[in-house]
Amino acid sequence: MKQAFYGLLLFSFLALPPVAAVMESIMIVHMHMQMTLLVLSGFLMGRFFQLKFPVFFKKWNMNGIAGILLFMIIWSFWMIPRSMDDALTIQVVELFKFSSLPFLAGVALRDSWHKIGARGQYIVFGFFILVFSFMAWIYIGADNQICNNYLLVEQQTVGWGSLFFGVILSFYVLQVLFIDQSQYE
Amino acid sequence: MAKPLKDIIRDDPKKTLGVTPEDAKISKAYLSVAFITLLVGGLLGLVQGLERAGLLELPAWLNYYQVLTAHGILLILIFTAAFSIGYLYAGFSHTIGGLLPKVRKMAWAGFSLILVGVALVVATILMNEASVLYTFYPPLAASPVFYIGLVFVVLGIWSCALGVFINYHHWRKNHRGEVTPLFAFFTMGVFILWFFGSLGVTIEVLTLIPWSMGWKETINVMVSRTLFWSFGHTLVNVWYIIATSAWYVTIPKIIGGKIFSDKLARVVVIMLVILNIPGGFHHQIIDPGISETVKFLHVFMSVSIAFPSLMTAFAMFAVFERAGRKKGGKGLFGWFTKLPWGDVRFLAPMVAMIAFIPGGAGGLINTSNQMNQVIHNTMWVVGHFHITVGVTAVLTFFGICYWLVPYISKRQLTPQMNKLGIIQTIVWTVGMILMSGSQHMVGLLGDPRRTSYTTYGDHETALGWIPYEYVMAFGATLLLLGIIIQVYAVFNMMFLATKGESEFPIGEVEINAENTPLWTERWSLWIILLLMVVAMAYVVPIVDFVVNAPPGSPPIKTW
């Protein structure tokens, strides 16, 4: 339950208007930091929901697939430039961002991660690497502004950031695949 | 959890023999280079201090900026690197039961590379071809030989780093289910940070070489500065982790206490490794080209380093209090007087730790945008790094010498040498209070750093700085005296002191301490997180500098 409290604390911090304003003023921080931290806060708070509603999770997310699909859909939705624009201009969409990323994506990820097993986890990593590569291609390559609220240079920054994330994530998967921890532990 | 010493003696008595003679030779070679460099660099420091105060006029063949460059490079880069490798390799060898033969060869290869690098760097500075100050940022351009020398130094450090990684891997394969000894864990943390932290500066130097040769007309100054500081600040924290390794591992043993928490120490190392590199941005807080919002976010990265530092402060004072109370200390602060103040192995690092209180507070001032504007590029900054590097790191290094050098030389720390060490610590502390203190104060009055003696046409503000500069010069004189004592002590303990066995003090954990979890050893994961943090921190300014690049700068020689 300590974790859930820290998650709530992180969520409250991210929701403070000045904090949100600073983070949303830089495109890559908005997309790759604020949103990731929102998912993380939900991931931490997930413990509370798992303990309070065990039957619900057992019934609706028995093998983790429903949860991980929900997580991937919500996360992919927020990678669309239009969604970010809407969040900045329409208050209700901003509210949806602050509720969907922690409570739908983060909590679902927490409940599903172990249930989907190692193979499922590799699929999720693969999906992430693909999306990041695709984003790198689009955001670095696009000559036009695809997000009304941000400059072209910020868009390219997101592209390069996504490329780095994709590469680093690939390194992570490779080390999980090739380093046999049982040799050491 | 590391095995208690008595178990190691029972299970594998060879390990208690500690550093093998071959490994000891490596450490002795590196420490010798370190202390010869310290003597030369210290002498240059005094020359610089006297010139700055207008008390000494340099001959025509030697200018202030040459002295400044040599003082900085020799002490900040070479002395600290050589000492660190000598110390870490000795401790690593001791705690994991000796180095592999190929690792030993790599350490020697590193030694040769560093020496070649130093020779090239010093030669160009002496020839007045590289008065680019120790930060060597463009547009100031040195001779290409200077940069090539720096590449050799970095390659030498990488060779040592690779050696540690190979030996660590070998040890873990042969000790399944065990966590590495705490000292070896610190060594891994240091070399990983050193390796990844030096990637940026290596890219910078490799772009400076064709530029200084004239093959490339211009260079992007902002990218170079950013790459430099990704290394510069990491190096500061490399010294800091090295100092904390001695605080966590050896001091509990020296004062007759126990390690507060093995797990906490490892978490501190992991946090420092992951969070460190973007801290460099606070050195660029006044630089153009980085938006204020990005600078603001980076203040968080810099201040996040304060968190593991506070954990260290808490853990260390808990160790002191427990040890002091065990020895009969009563009341709220009675334990404080029971600490072994007469033992240089404790006194020197303790003063170093205390110095980190004003040092850290000064650091917070430097990293804050508004306050930085008051002290930016003034003598305050010089005062700040003399108290942090010069006391917190270096005085800990000096304290380490009083057990490390006798240990690797199979000699003893005599009571006379201990007394000399105490005197050295006092001389160093007083010298640094005077020098660093006056630098801080005169910096607040606007005295610029990196400027040779000038009164700006006898302007009254500039004349008001001179008394402080006299105190600075006096402090620098005491510091050189401190260096002479220290260098004498090191070589005496290495070659002349009474023969005998000395202990490598390795603290033990409390009997009822919980086991250290194996997940702390997942370095591949910590490296991935480190890279993630670096990618997130650097992508915004670097893309901006490249996409919106101003016309680059040609090489400029101002001297």
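In the predicted model, helix α9(A) passes α17(B) in a right-handed crossing, that is, with the near helix turned clockwise from the far one by less than a right angle. Helices here are DSSP runs of H or I of at least four residues, numbered from the N terminus. Residues are numbered from 1 along each chain as its sequence is written, while chains are lettered from A in the order in which they are written. Because the model is predicted, local features need pLDDT of at least 70 and side-chain atom pairs count only at pLDDT 80 or more, whereas totals for chains, interfaces and linings use all residues.

Helix α9 spans residues 152-178 of chain A and α17 residues 523-547 of chain B; the two pack at an angle of about 160°, with axes 9 Å apart. Axes are lines fitted to C-alpha atoms over the stretch in contact, and angles run from 0 to 180 degrees between N-to-C directions. The pair is therefore roughly antiparallel, the term for angles over 145 degrees. Residues meeting across this pair include A:Trp160, A:Phe164 and A:Ile168 in α9(A), and B:Leu531, B:Ala535 and B:Val539 in α17(B); contact requires C-beta atoms, placed from the backbone, within 7 Å.

The contact between the chains takes 22 residues from chain A and 21 residues from chain B. On the side of chain A, α9(A) gives the largest share, 11 residues.

UniProt, in an unreviewed entry, places transmembrane regions in chain A, among them residues 31-49 and 160-179; such annotations may be inferred rather than shown by experiment. Residues 31-49 are 100% helix, with end C-alpha atoms 26 Å apart. For residues 160-179 the values are 95% helix and 28 Å.

Conventions
Angles under 35 degrees count as roughly parallel, over 145 as roughly antiparallel, 65 to 115 as roughly perpendicular and the rest as oblique. Two residues are in contact if their C-beta atoms, placed from the backbone, lie within 7 Å.
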